[in-house]
Amino acid sequence: MRPQSAACLLLAIVGLVGATEWWESGNYYQIYPRSFRDSDGDGIGDLNGVTEKLQYLKDIGFTGTWLSPIFKSPMVDFGYDISDFYTIQPEYGTMEDFERMIAKAKEVGIKIILDFVPNHSSDQNEWFTKSVDSDPTYKDFYIWHDGKVNNETGEREPPSNWNSEFRYSAWEWNDVRQQYYLHQFAIQQPDLNYRNPAVVNEMKNVIRFWLAKGVSGFRIDAVPYLFEVDLDRYNEYPDEPLTNDPVSCPDSDDHCWTQHIYTQDQPETLDMVYQWRELVDEFHEEHGGDKRLLMTEAYTSFDNIILYYGNGVRNGSHIPFNFDFLTSINNASKASDYVDHIKKWMDAMPAGVYANWVLGNHDNKRVASRFGVQRTDLINILLQTLPGHAVTFNGEELGMTDVWISWEDTVDPNACNSNPDIYYDRTRDPERTPYQWDASPQAGFTSADHTWLPVAEDYKTNNALQQLRAPRSHLQIFKKLVQVRKEPSFRKGGLQIQAVDDDVIVYSRQETGSDLYVIVLNLGGTAKTLDLTQYAQLGTQAEVITTSLSSQYIDGDVVTPSQFVANPYVGTVLVKV
């Protein structure tokens, strides 16, 4: 390899340990069940619909799929408000339907991972009802407080200035109990009290119950919110300091109005994650079979995310989701921004764990809408060719885009708690619309004449069946990427990466004794002619494994690396011939 300029952003990563467990360097697919496939014609996706399409996921090559919540719920937050952690939501099916899905998943070889929502329940949960009534067993299952009296007005007020993620105070008065309860999300989602050992034990029982049903692990929701600062010696909760940023957060009702130093990322949170890891490991030791997996959702500091892996003594989450590409990268980011974030993550990896890359989910605008439709393939190429785990939200493999949802049709509580002027910045409905299966009415999602959210207008030309039949499509490129990702150089090989200029990223993957792969990503709108031999020992010929739809090359083309043309917005995977 030729000497590299010190000015280049270069990262050399030691090869990863060979994968031996099913989940290592896995390829995971998030299903939003309500929008995936409706089997019974009510316009709402369900478990039998998921079961029907598991072979589709296997054919693409996914390791496993995690399902957004399927538990009994009044659906205020579409499953994240759980009224019974041990029962299937009737809209989605029955326990028998769930067991049938598990059996089918085992038959086709797809692991099922459930969304575990431990921070809160629904206010219709029996636990909360009993807590309201001060039942001795459940009295302290939630976080209650008398509040405080305003010295000037004499009126009772919330205990602190804490705001909900969904706007307004995080405290709600209950007339029956004559106290406030904490809810960091919707009013109908009271926070569980993790300082009560009975709550900790009950939630562990929930994990054990579903493990016994055959699931392969859990994606754990909203982990940073599990604990709040404890009461002080005066039995009070402190106010959080104000953000004091009227430009980015002008509204005192918004969650961003305060700095969440007392309501997120408390020291006890990591211990809880470690306890859950110990639980799933113990279950594996007792019951055998494949190891069970924990994924964690935490929008938190980078240092905290790394600690989710473990502290050197105790293990934590197998996959603490890396949201850098969701929170820190956008369609205006430069090549060096991408490289810096990849370098930061890879440099910080503890020994014996894997990096992971999450580019989309049900809470963020779709990849094609965030980065531009023209970069759809490029972004998927990036996701599938980096070391470690890849996580894909359903529809991203097709290049599905956000669907405009009017204020009148909006159902997301995060948006409904705002107003017609600002709701669209808050709504998560656009990325949650029904999956586009084919060109039949309602995109083949349902036999009904209506859907719970509108189907995208472009479904007749952008759908799974059309892309499966086409010789070249986003889906065909994605399938090729998933398959090549199973090669030793992608599973175990090192990474060398650099930003060539503001637009172009070049990196290589190679395991000793295996093929050398080079990936070229042109983020910009101008074609660039590159001498790739400056960045990798490609020799005189390289073969195109796969490339974006708008590329001048096609799969199988043999190119001259010293005169490679990186077309605008195009990603290309090459292998040394």
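Which residue follows H4, and what is the sign of its phi? Gly-214 follows H4, and its phi is positive, near 110°. The model discussed here is predicted.

## Helix H4

H4 covers residues 197–212. At 1.5 Å a residue, its 16 residues should span 22 Å. The end C-alpha atoms are 23 Å apart, which agrees.

The start of H4 has a side-chain contact. A side-chain oxygen of Asn-196 reaches to within 2.9 Å of the backbone nitrogen of Ala-198. The buried residues of H4 include Val-199, Val-200, Met-203, Val-206, Ile-207, Trp-210 and Leu-211. Two residues with charged names are also among the buried ones: Glu-202 and Lys-204.

## The eight-stranded sheet

An open sheet of eight strands runs in the order E14-E13-E12-E6-E3-E2-E16-E15. The pairing is parallel. Strand E14 (319–320) and strand E15 (356–358) are the edges, and each pairs on one side only. At the E14 edge, strand E13 (residues 293–296) runs parallel to E14, joined by two bridges. Met-295 has Ile-319 as its bridge partner in E14.

Strand E3 (residues 64–67) sits between E6 and E2 in the strand order. Gly-64 and Trp-66 point one way from E3, while Thr-65 and Leu-67 point the other way. All four of these residues are buried. On one side, four bridges join E3 to strand E6 (residues 111–116), in parallel. Here Gly-64 is partnered by Lys-111. On the other side, E3 pairs with strand E2 (residues 27–31), again in the parallel sense and over four bridges. Ile-31 stands opposite Leu-67 in that pairing. The chain gets from E2 to E3 through helix H1 (residues 47–60), and this β-α-β crossover is right-handed.

## Cysteines

One disulfide turns up in a search of the whole structure. It joins Cys-249 and Cys-256, with the sulfur atoms 2.0 Å apart. The torsion about the S-S bond is about 85°, so the disulfide is right-handed. The two partners differ in burial. Cys-249 is buried, at a relative accessible area of 2%. Cys-256 is partly exposed, at 34%.

Why is Cys-416 not bonded to Cys-256? The sulfur of Cys-416 lies 19 Å from that of Cys-256, the closest cysteine sulfur, which is too far for a bond. Cys-416 is partly exposed, with a relative accessible area of 35%.

## Helix H10

Is helix H10 enclosed or open? H10 (residues 376–385) has 10 of its 10 residues buried, so it is largely enclosed by the rest of the structure. The buried set includes Leu-378, Ile-379, Ile-381, Leu-382 and Leu-383. Also among them are Thr-376, Asp-377, Asn-380, Gln-384 and Thr-385.

## Salt bridges

Side chains of opposite charge can pair when their charged atoms come close. The whole structure holds 28 salt bridges. One of them joins Arg-34 and Glu-91, whose closest N and O atoms are 3.0 Å apart. Arg-34 lies in the loop between E2 and H1, and Glu-91 in the loop between strand E5 (84–88) and helix H2 (95–108), so the pair ties together parts that are 57 residues apart in sequence. Arg-34 is buried at 6% relative accessibility, whereas Glu-91 is partly exposed at 25%.

The loop between E2 and H1 also holds Arg-37. Arg-37 meets Glu-52 in a salt bridge of 3.0 Å, N to O. Glu-52 lies in helix H1, so this pair ties together parts 15 residues apart in sequence. Arg-37 is buried, with a relative accessible area of 16%. Glu-52 is partly exposed, at 42%.

A further salt bridge joins Asp-324 and Lys-344, also at 3.0 Å, N to O. Asp-324 is in helix H7 (residues 324–327) and Lys-344 in helix H8 (residues 335–348), 20 residues apart. Asp-324 counts as buried at 10% relative accessibility. Lys-344 is partly exposed at 31%. Elsewhere, salt bridges link Asp-77, Asp-363, Asp-412, Arg-428 and Arg-432 in a network.

How values were computed:
Residues numbered from 1 in each chain as written. Predicted model: local features only at pLDDT ≥ 70, side-chain atom pairs only at ≥ 80, totals over all residues. Heavy atoms only, no water. Expected span 1.5 Å × (residues − 1). Buried < 20%, exposed > 50% of the residue type's maximum accessible area, 1.4 Å probe, protein only. Polar contact = N/O pair within 3.5 Å; in protein donor to acceptor, adjacent residues only side chain to side chain. Pairing = 2+ DSSP bridges. Right-handed = clockwise from strand over helix to strand, strands pointing away. Disulfide = S-S within 2.5 Å. Salt bridge = Lys/Arg side-chain N within 4 Å of Asp/Glu carboxyl O.
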